[in-house]
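Reader: Could you take me through one part of this model in some detail? I'd like to look at the sheet and then work outwards from there.

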Amino acid sequence: MLALSKADVRRLAPMRVAIELMKTAFAELSAGRTTSPLRTVIPVPDHHGDALFMPAFVPAANALGLKVVSVFKDNPARGLPSIHALVSLVDSETGQPLAIMDGTYLTALRTGAVSGAATDLLARPDSRTLVTIGSGAQGVTQSAAVCAVRPIERIVAVDINEAALDRLRETITREWPDLLDRLETSTDASVVAEADVICTATTSRTPVFDAALVRPGTHINAVGAYTPEMQELPAEIVARATVVLDAIDAALAEAGDLIIPLEQGLVSRMQFDRELGMVASGAAPGRTSADEITLFKSVGNAVQDVVVGRYVYDMAVAEGAGVSLDLG
Ligand SMILES: NC(=O)c1ccc[n+]([C@@H]2O[C@H](COP(=O)([O-])OP(=O)(O)OC[C@H]3O[C@@H](n4cnc5c(N)ncnc54)[C@H](O)[C@@H]3O)[C@@H](O)[C@H]2O)c1
């Protein structure tokens, strides 16, 4: 069995590759050829945390495994990321353990990559200004992914916390130096009025920008709100947009961004009938006009983790990378 570090995952799965893997993973999911039950969430209320257990099997990618990801809300105050994760893979022919690997960076990579895939399929080709709201681990890879698929000249990273903006600048300087010359930071989300692409990656429970400011033709990726009580999108924008989901059932069960406006009668269930995998495979249309507002909402799916994990494992075997573990 192989143990693979964050550095291995980073080196072996570049963002552009991960974006294409996400198109395949979600096309397989939407075609009904994957198994990925709703994740099991175990609350740890004493420490304001949740542990999520996320298994999946994607036969077309030979990818079978599990991610354990924890979200502990007090961590930023301790100088720690909110999210830590571990991915484990088993052989789909024999069930033998194949690998354990860092899932923390892998999560940020695949969450960015699926927004990259959505941006590639839905955003206007001439998109030049990106506004990313929420500057934690996911905000960084949202920016990297959008820049991988569109000619972005200006990235405005927004956060209510100045320290988060400083940390984002440090991470981009260290890990994504190609983005640095385009990066601005701000605490004012009204800059969405200048955006061609908006990403939201916050832990907010209330909408993080004003819907009235969003220009026609904007594409939005929303990856934050992953419980029915969390909301980062204004209901008006959900009502106005052409909505594409990562997985309809999971998004309607988990995403406050959809559930809250549905409960308030502000949107119709009929609006939520399109998945990214349908657009990726050509089974459903993407953007149909330059003025349309498109919205991709993801809650995350284990197919993403096992497909990227399997790719990293195969590359590691080919290169002889990683540390071999003998569990006897
Ligand atoms: N869709 C997916 O697949 C997926 C995957 C991983 C994480 N997530 C979710 O994405 C969110 C962000 O994750 P992270 O790891 O970057 O968390 P993080 O805690 O590192 O960063 C979140 C940032 O959002 C900022 N923020 C909160 N409210 C805000 C507001 N109103 N306006 C602007 N900024 C605000 C915080 O200050 C913080 O810097 C979380 O809710 C997480 O659960 C989704």
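**The sheet and its surroundings**

Author: Let's start at one end of the sheet in this predicted model. Strand 12 and strand 13 (residues 294–297) run parallel and are joined by four bridges. One pairing to pick out on screen is Leu245, whose bridge partner in strand 13 is Lys297.

Now zoom out to the whole sheet. It's an open one, with seven strands in the order 9-8-7-10-11-13-12 and parallel pairing. Strand 9 (183–186) and strand 12 (242–245) sit at the edges with a single partner strand each, so one side of each has no neighbour in the sheet. Going from one strand to the next, the twist averages 15°.

Over by strand 9, have a look at helix 5 (residues 162–175). Helix 5 packs on the sheet and touches both strand 8 (154–158) and strand 9. The direction of helix 5 makes about 165° with that of strand 9.

Next, the domains. The protein chain splits into domain 1 (2–106 + 302–324) and domain 2 (121–297). Their C-alpha centres are 22 Å apart, and the contact takes 15 residues from domain 1 and 17 residues from domain 2. On the domain 1 side, helix 2 gives the most, with nine residues. By class, that side has nine nonpolar, two polar and four charged residues.

Helix 2 is worth following a bit further. Helix 2 (residues 15–30) packs with helix 4 (residues 137–149) at an angle of about 85°, their axes 10 Å apart. That angle is why helix 2 and helix 4 count as roughly perpendicular to each other. If you want the residues, Met15, Arg16 and Ile19 in helix 2 meet Ala144, Ala145, Ala148 and Val149 in helix 4. Sorted by class, this contact has six nonpolar, no polar and one charged residues.

Helix 4 also takes us to the ligand. The largest share of the shell around the ligand comes from helix 4, which gives three residues. Of the 30 residues around the ligand, the ones that come nearest are Gly134, Gly136, Gln138, Ala164 and Gly300. Helix 3 (104–122) and helix 4 are the elements that give two or more residues to the shell. As for class, the shell divides into 14 nonpolar, 15 polar and one charged. And both domains take part here: domain 1 and domain 2 each supply at least three residues of the shell around the ligand.

Definitions and conventions:
Residues are numbered from 1 along each chain as its sequence is written. This is a predicted model: local features need pLDDT of at least 70, side-chain atom pairs count only at pLDDT 80 or more; totals for chains, interfaces and linings use all residues. Axes are lines fitted to C-alpha atoms, for helices over the stretch in contact, and angles run from 0 to 180 degrees between N-to-C directions. Angles under 35 degrees count as roughly parallel, over 145 as roughly antiparallel, 65 to 115 as roughly perpendicular and the rest as oblique. Two residues are in contact if their C-beta atoms, placed from the backbone, lie within 7 Å. Ala, Val, Leu, Ile, Met, Phe, Trp, Tyr, Cys and Pro count as nonpolar, Asp, Glu, Lys and Arg as charged, and the others, Gly among them, as polar. Two strands pair if DSSP finds at least two bridges between them. A residue is near a molecule or strand if its C-beta atom, placed from the backbone, lies within 6 Å of it. Domain bounds come from an automatic or database domain assignment.
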